[in-house]
Amino acid sequence: MVAPKPGDTFKRYQIDGDFGVESLKIKDATVSPLGTDQVRIAVKATSINYRDLLVCKGLYNPNLKKPAVPLSDGAGEIVEVGSSVKRVKVGDRVMGAFMPRWISGSPNNDVVRLALGGGGDEGMLSQYVVLDEDAVVEIPAHLSFLEAATLPCAAVTAWHALFEDDCLKPGQTVLTQGTGGVSLFAIQFAQAAGAHLISTSGSDEKIVKLKNMGVVNTINYKQTPGWGKETLKLTSMNGVDHIVEVGGGGTLGESFKAVKIGGHIALIGVLSGAQNQVNPMPLLMKAIRLQGVYVGSRSMFESMNAAITLHKIKPVIDRVFGFEEAQDALRYMESAQHFGKIVIHVG
Ligand SMILES: NC(=O)c1ccc[n+]([C@@H]2O[C@H](COP(=O)([O-])OP(=O)(O)OC[C@H]3O[C@@H](n4cnc5c(N)ncnc54)[C@H](OP(=O)(O)O)[C@@H]3O)[C@@H](O)[C@H]2O)c1
């Protein structure tokens with residue numbers, strides 16, 4: 001691909017007036033010269049996470065610096081590199097790391113503040129983005145751009161939850177909630193690691209899809225609101241080793257019932273609410289290890305890619321939208337009809 005020249009224009013979505021999905025518009029932006037350690041990426045595909053919907057609606061950060069380009073996840077081809085760039089080269093297929101400055105170790109305020117599509121200077125809903133050379137990760141060879149665009153947030157979060165803070169072991173049992181991006185990656189990683197799964201969904205139709213993925217034990221959390229007790233029954237009253245908790249306030253109480261003594265809960269999302277009251281007693285009585293997870297570092301991303309490559313894991317994509325259809329894609333996420341990832345084909 002030919003690199004655009006400084007002064008050329010390209011298209012990107014911008015949040016620059018009122019918040020709201022309907023306010024999100026395509027705008028012309030101007031190509032600026034690269035810094036010495038930067039790379040220019042022609043974005044081929046991007047994917048949506050629940051956070052992106054919150055960002056666009058002004059619910060993630062009401063003080064968002066505008067104009068802002070939304071979406072954290074994207075994959076594309078490097079078309080230009082700065083004069084001192086050594087890690088990557090023109091033509092490489094790459095994804096952006098969710099937090100461009102979190103390379104390894106623990107995060108700090110600075111790395112968290114600069115996450116793509118929600119506070120930092122760049123977002124992926126754009127034909128071109130400029131990132132530091134350290135902020136990109138090579139795409140596993142067996143994945144297309146559309147597939148790779150699903151990895152930076154949901155997949156890295158699921159990986160972090162299961163393998164970084166508390167390493168899942170073969171033969172252990174993992175409970176996942178719902179059938180969004182994070183949960184389906186968690187299922188695929190747990191299957192590759194030889195773990196048992198118990199997966200919930202609020203839809204019988206999606207439960208059939210979970211079964212088709214090889215998940216034997218499923219619970220409809222709408223029909224069985226007491227799914228914590230049901231999980232105990234499915235595990236000979238022992239409980240599960242790990243829970244990938246995306247529900248938050250409204251589901252933690254059931255998770256405390258479902259987890260085994262000394263088990264691990266990775267708190268990732270608050271789909272069921274953030275303000276609910278939760279009785280903390282089981283945390284101590286069952287010696288539960290409750291760990292908050294915020295996506296992950298580039299090093300975690302690379303470890304995950306090694307596993308994805310080894311096991312030839314393919315992300316589950318529900319639907320692909322065109323670049324002009326970003327509003328529809330966000331509304332589709334809002335409707336919660338999806339099973340897995342929603343992708344936007346940029347070009
Ligand atoms: N901490 C982090 O770093 C991080 C990273 C990524 C995502 N997140 C958060 O994690 C959550 C999931 O993200 P995602 O991108 O996977 O979202 P998503 O793709 O939008 O998944 C939503 C799905 O979750 C299920 N769900 C909704 N309400 C539920 C409830 N009360 N109990 C159980 N399942 C419920 C539904 O599946 P069914 O229709 O099958 O029930 C729904 O389709 C969000 O809150 C997101 O903000 C956090």
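These notes cover the ligand shell and one sheet of a predicted model.

1. **Closest residues.** The ligand has 33 residues around it. Those that come nearest are Gly178, Gly180, Ser201, Gly269 and Ser272.

2. **Make-up of the shell.** Polar residues number 17 in the shell around the ligand. Another 14 are nonpolar. Two are charged.

3. **Domains.** Both domain 1 and domain 2 contribute to the shell, with at least three residues from each. Domain 1 is assigned as 9-153 + 296-304 + 314-345. Domain 2 is assigned as 166-292.

4. **Elements in the shell.** Three helices and a strand each supply at least two shell residues: α1 (50-57), α4 (151-164), α5 (181-192) and β9 (196-201). Two of these, α5 and β9, return below in the description of the sheet.

5. **Sheet order.** The sheet is open and has six strands. Their order is β10-β9-β8-β11-β12-β13, with parallel pairing. At the edges sit β10 (217-220) and β13 (289-292), each paired on one side only. From one strand to the next, the twist averages 15°.

6. **One strand pair.** β11 (residues 240-245) runs parallel to β12 (residues 259-267), and five bridges join the two strands. His242 stands opposite His264, a residue of β12.

7. **Helix on the sheet.** Which strands does α5 lie across? They are β8 (173-177), β9 and β11. Relative to β8, α5 runs at about 165°. Helix α5 therefore has two roles to check in the viewer: α5 supplies at least two residues to the ligand shell, and α5 lies across the three strands just named.

Technical notes:
Residues are numbered from 1 along each chain as its sequence is written. This is a predicted model: local features need pLDDT of at least 70, side-chain atom pairs count only at pLDDT 80 or more; totals for chains, interfaces and linings use all residues. A residue is near a molecule or strand if its C-beta atom, placed from the backbone, lies within 6 Å of it. Helices (H or I, at least four residues) and strands (E, at least two) are DSSP runs, numbered from the N terminus. Ala, Val, Leu, Ile, Met, Phe, Trp, Tyr, Cys and Pro count as nonpolar, Asp, Glu, Lys and Arg as charged, and the others, Gly among them, as polar. Domain bounds come from an automatic or database domain assignment. Two strands pair if DSSP finds at least two bridges between them. Axes are lines fitted to C-alpha atoms, for helices over the stretch in contact, and angles run from 0 to 180 degrees between N-to-C directions. Two residues are in contact if their C-beta atoms, placed from the backbone, lie within 7 Å.
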